[in-house]
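Me: I would like to learn how to read a predicted protein model, one feature at a time. Where should I begin?

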Amino acid sequence: MNLQTPLLLAVLLLLAVQAFGQKKYEKEYRLKQNKVPAEAKKFVEALSFSGRVKWYREESLNGNTIEAKVTHNQKKHSLEFDTQGNLQDVEVQINWSEIPEETQKNISKNLSAAYTNYKINKIQVQYTGQTSTLLALLKNQETTKEYATKYEIVVKGSKGRQVKLYEITFSQTGEMVATAEIIFRNIDNLAF
């Protein structure tokens, strides 16, 4: 083995990691209540959701998480925890009209610059912060404590002739923070 081989392998590994980071793959499984971490269950129970909470284990390219999904006040909520039950973020599905007008303009400008054509398929507002702050926010619909707001938008976008599905995260002001191409599970067998 010469000296160039480890260097070449390192470069290939770096390229693979970078390419991997721009893709999004998720696979969800229903999770029974008795398999949910106690901290996650305690957080969700404190919210007294009116709808039925469904638990999922989610596998992604970045690791595994636990997710609670519920419809509350006619909005779909998704609460994501790590596998120990620590809250990671809260997402609430919203309509385009619920985004502040100036943020809408910035998002539209960024999407028009990134894609030849696009169609928004799904919008979620994402909250991150201290667990107690997010608990207060969800209970009271407001809080004086500091938390971060982002918008996660699923877009069917085309660049030239290629049409793909993307998950794009925007800051509270509409700046593009992250983009990941959504990839789907390979099917080993042909389906007829």
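**Reading the model from one residue outward**

Reply: Start with a single residue in this predicted model: Ser158 lies in strand S8, which covers residues 147-159.

Me: Is Ser158 buried or exposed?

Reply: The test is the relative accessible area, with under 20% counting as buried. Ser158 has a value of 8%, so Ser158 is buried.

Me: Which residues is Ser158 in contact with, leaving aside its neighbours within four places in sequence?

Reply: They are Tyr115, Thr116, Asn117 and Val163. One of these has a defined place across the sheet: Asn117 stands opposite Ser158 in S8.

Me: What holds neighbouring strands together in a sheet?

Reply: In general, the strands of a sheet pair through backbone hydrogen bonds, and the pairing is either parallel or antiparallel. Here, strand S7 (residues 117-129) and S8 run antiparallel, joined by 12 bridges.

Me: In what order do the strands lie in the sheet?

Reply: Sheet order need not be guessed from numbering; read it from the pairing. The 10 strands form an open sheet in the order S1-S10-S9-S8-S7-S6-S5-S4-S3-S2, with mixed pairing. At the edges are strand S1 (23-24) and strand S2 (26-30), each of which pairs on one side only.

Me: How many helices go with these strands?

Reply: The secondary structure consists of four helices and 10 strands. Along the sequence, the pattern reads α-β-β-α-β-β-β-β-α-β-α-β-β-β.

Me: Which strands do helices H2 and H4 meet?

Reply: For a helix on a sheet, look for the strands involved and for the angle to one of them. H2 lies across S3, strand S4 (63-72), S5 and strand S6 (87-93), and runs at about 150° to S5. Helix H4 (residues 131-140) packs on the sheet, where it touches S5, S6, S7 and S8; the direction of H4 makes about 115° with that of S7.

Me: How many aromatic pairs are there, and how is a pair classified?

Reply: The count comes to four aromatic pairs. Classification rests on the angle between the ring planes: over 60 degrees is edge-to-face, under 30 is stacked, and the rest are tilted. For Phe43 and Phe81 the ring centres are 6.0 Å apart and the planes are at 70°, so this pair is edge-to-face. The two residues are 38 apart in the chain, with Phe43 in helix H2 (residues 38-46) and Phe81 in strand S5 (residues 75-81). Both Phe43 and Phe81 are buried.

Me: Why is the pair of Trp55 and Phe81 called tilted?

Reply: The planes of Trp55 and Phe81 are at 40°, with ring centres 6.1 Å apart, so the pair is tilted. Trp55 belongs to strand S3 (residues 54-60) and Phe81 to strand S5, so the pair ties together parts that are 26 residues apart in sequence. Trp55 is buried, as is Phe81. Ring pairs thus link Phe43, Trp55 and Phe81 into a cluster.

Me: Which charged residues lie over the ring of Tyr56?

Reply: Look for a charged end above the face of the ring. The charged end of Arg30 sits over the ring of Tyr56 at 5.4 Å from its centre. Lys69 also lies over the face of Tyr56, 5.1 Å from the ring centre.

Me: What do the totals for the whole protein come to?

Reply: Of the 192 residues, 34% are buried. The accessible surface is about 12,800 Å², and carbon and sulfur atoms contribute 50% of that. Among contacts with a separation of 6 or more, 50% are between residues 24 or more positions apart.

Key
Residues are numbered from 1 along each chain as its sequence is written. This is a predicted model: local features need pLDDT of at least 70, side-chain atom pairs count only at pLDDT 80 or more; totals for chains, interfaces and linings use all residues. Side-chain values use heavy atoms; hydrogens and water are left out. Buried means under 20% relative accessible area, exposed over 50%, partly exposed in between (1.4 Å probe, protein chains only). Contact means heavy atoms within 4.5 Å. Accessible areas come from the Shrake-Rupley method with a 1.4 Å probe; for residues, only the protein chains shown count as cover. Rings of Phe, Tyr and Trp (its six-membered ring) pair if their centres lie within 6.5 Å; planes under 30 degrees apart count as stacked, over 60 as edge-to-face and the rest as tilted. A charge sits over a ring if NZ of Lys or CZ of Arg is within 6 Å of the ring centre and within 35 degrees of the ring normal. Two strands pair if DSSP finds at least two bridges between them. Axes are lines fitted to C-alpha atoms, for helices over the stretch in contact, and angles run from 0 to 180 degrees between N-to-C directions.
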